[in-house]
Amino acid sequence: MNKFWVVCKQVIRKNIKSPTYIVLLLMPVILLGTIVGIAAIKNHTSETPQIAIVSNNAPLRSALLKSNTKKAYNVSKSITTKKAAETSLAKEKLDGYLTVAVKGSQVSAIYKSRTNGKTVDTTSLQNSLNSLKMQQTAAQLGLSAKQLATLFAPANFKTQSVSYTNGKETAQKNNQQTINSILAMVVTILIYIFMVSYASLIAQEVATEKGSRIMEILVSSVSPQIQFFAKVTGMFVLILLQVLVTAICGVFGLKYLSGNVQFLKDLDLSHVQPNIIIILVLFFILGITLYTILAAGLGALVSRSDQVSQAVSPLTMVGLAAYGASFVAMNSNTVLIKIGSFIPFLSQSIMSVRYAVGNATIMDAIISLVILAVSIVLVTWFTTRLYANHVLDYSDQKIWKRILKRN
Amino acid sequence: MLQVKNLNKSFGQMQAVVDESFTVNDGEILGLIGQNGAGKTTTFRMILDLLKPDSGSVFWNGHPFTRKDQDIVGFLPEERGLYLKMTVEEQVIYFAELRGQKPAVTKQKLNDWMQRFAVKGKRTDKIKDLSKGNQQKVQLIATLIHDPKLVILDEPFSGLDPVNASLLEDGIERLKAQGSAIIFSSHDMGNVEKISDKLLMLRQGETVLNGVTNEIRESFGDTRIFLQSPLTETDLLAIDGVTDVKKYQAGFELQLANPEVGKTVFAQATKNGYIREFSQQPPSLDEIFRMKAGVSNE
């Protein structure tokens with residue numbers, strides 16, 4: 001057990017210092033930084049327009065000035081006359097000005113703007129004006145604020161979309177489906193990125209030791225089995241660290257960007273169901289585990305480290321196929337997709353999507369997870385043997401022949 | 001004490017090791033010789049439990065050698081390997097830790113060992129920045145720094161210049177004095193003859209020689225004479241029982257049909273009194289090796 005940690009620690013220590021891993025680890029940070037940077041630049045360039053408000057009714061004007069709570073525009077308060085506004089507009093000190101005329105209960109407004117000036121969201125001006133007028137009228141009619149609120153309360157309107165499984169209706173709130181698809185998409189992409197990166201990282205790790213003949217010293221000190229598990233465990237610590245960094249970036253990114261990006265504003269994360277999260281996380285963990293373990297075994301088959309990509313490529317190809325199929329599964333539920341969602345090496349991507357978009361029941365997902373878990377046990381058993389038998393084998397035999405060779 | 005009993009191993013059709021048995025006591029050095037493919041590396045791997053023998057067994061201090069005993073082993077494989085990106089210190093600490101020695105202990109011992117093997121470089125130098133010879137020394141230190149009780153060195157002298165070879169000889173002698181059982185393989189009979197107490201020679205997996213080094217030589221009889229005397233090559237070849245005469249330094253090296261012929265040669269050479277050299281010896285290991293292997297060992 002002691003040596004298990006020695007090897008495990010070594011894997012972590014060595015990789016944490018390697019440029020490959022550092023780049024991998026910082027990828028989400030860099031990505032987030034870029035997005036935030038772009039958003040910041042975009043915010044900076046879209047400056048708020050400068051306008052003036054002129055009116056023959058002073059209380060209405062000051063009420064209008066106060067209503068600009070969202071800072072959709074800046075008001076030059078010193079400009080109070082139409083003449084002054086015209087002059088400033090001509091000098092391009094203003095982007096436009098609003099003239100509000102009150103005649104009895106009639107309120108009319110004109111917004112005059114420069115064509116080369118910054119555009120003002122006139123609906124917000126209009127809304128402010130409308131609500132002010134309403135309050136005024138209500139006051140004239142002697143209505144209380146409460147009565148006013150009741151009068152203008154909108155009708156309750158909700159949409160609901162449903163899907164049918166086995167003839168039974170499964171209700172899904174409108175927003176939820178979108179969120180689930182997005183979640184499944186994110187998880188599938190993450191699975192693919194993690195799988196490709198870490199499968200080649202661990203295969204490289206094993207192959208380098210074998211290629212540089214360190215393996216002989218290692219296996220004479222620590223049994224190949226212990227070594228194998230220690231390496232995989234070490235790799236998991238690295239993956240966990242990466243997940244943590246990615247998650248932190250994700251949370252910060254969502255927090256920061258949801259205020260700026262319309263698409264994210266519309267997402268209501270409170271609709272996310274916990275069982276979907278649990279299933280997706282399980283598929284993520286088990287899927288990555290399966291690929292990492294097999295990749296470690298494949299790394300032990302090569303004689304030199306430059307053969308690693310050759311040995312791992314079948315595995316990454318399957319990963320890519322699963323990734324591609326998961327996109328198909330977003331919109332269709334064919335027999336092929338259904339079957340694929342139960343096959344290990346494919347299920348982590350396909351079943352995630354099928355379950356998330358509501359094309360599979362929780363029972364389907366659980367069965368698929370169990371199959372995946374069992375296959376991990378079998379692959380581990382097979383790979384440990386493969387590893388123990390081949391770490392000292394430097395023959396030039398073809399890799400696939402070696403896998404098939406029993407001994 | 002290491003006991004190897006009746007080991008057999010074959011790979012497919014090829015019989016790599018045939019009925020191999022030997023013993024190495026504590027404080028004893030066994031030299032394993034043989035040509036490439038004679039079964040030396042296979043023997044080492046079977047002792048270390050990296051390969052399962054088809055039959056036969058390996059005992060350490062009377063009990064079967066298993067992976068539990070691996071901490072007492074110091075193993076230098078024929079193909080050397082180090083982590084090129086690690087520093088000398090990290091590398092040695094890691095390998096020693098794998099043999100159960102705490103990093104703090106290794107740190108304390110490292111300077112001493114680097115001095116002993118005259119490593120040119122600092123503890124903080126990356127392995128890849130060291131010369132090949134110095135890398136090899138670091139590998140040796142990593143093999144020996146945990147004071148192993150069983151030392152297995154596969155071709156430790158290959159690639160070492162005479163100065164470094166003698167540093168290594170000193171290192172091996174030191175371990176011997178500490179009571180370690182040592183096995184090493186070598187192509188160079190000079191090293192084997194100088195430091196090994198026992199000798200095992202393999203030819204295509206079969207043991208052709210096995211025993212105490214001096215006894216093996218003696219068993220071939222004193223059939224060699226180094227001679228510096230007034231006698232010429234023709235004179236020497238004329239003596240009955242002299243089978244071969246070769247030039248050797250200022251004199252000749254004679255091969256005899258049997259040790260008794262030596263007396264005749266001595267009488268002939270000294271009939272006019274003083275001669276510079278007469279030395280009758282058994283054949284050198286190198287000659288025995290060639291005789292047994294049937295070809296040159298080079």
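Here is a short chat about a sheet and two loop residues in chain B of a predicted model.

Modeller: Quick ground rules: this model is predicted, so local features need pLDDT of at least 70, side-chain atom pairs count only at pLDDT 80 or more, and totals for chains, interfaces and linings use all residues. Residues are numbered from 1 along each chain as written, chains are lettered from A and ligands numbered from 1 in written order, and side-chain values use heavy atoms, without hydrogens or water.

Biologist: What makes β11 and β13 of chain B a pair?

Modeller: Strands here are DSSP runs of E with at least two residues, numbered from the N terminus. Two of them pair if DSSP finds at least two bridges between them. β11 (residues 224–228) and β13 (residues 251–256) of chain B have 4 bridges, and run antiparallel, so they pass. Leu227(B), for instance, stands opposite Phe252(B).

Biologist: Why are β12 and β14 of chain B said to stand at the edges?

Modeller: The open sheet runs β12-β13-β11-β14 in chain B. β12 (242–248) and β14 (277–281) each have a single partner strand, so one side of each lacks a neighbour in the sheet.

Biologist: Why is Glu155(B) called buried, and Gln249(B) exposed?

Modeller: Buried means under 20% relative accessible area, exposed over 50%, partly exposed in between (1.4 Å probe, protein chains only). Glu155(B) has 5%, so it counts as buried. Gln249(B) has 65%, so it is exposed.

Biologist: What is notable about phi in Glu155(B) and Gln249(B)?

Modeller: Most residues other than glycine have a negative phi. Yet Glu155(B) is near 50°, and Gln249(B) is at about 45°. Gln249(B) sits in the loop between β12 and β13 of chain B.
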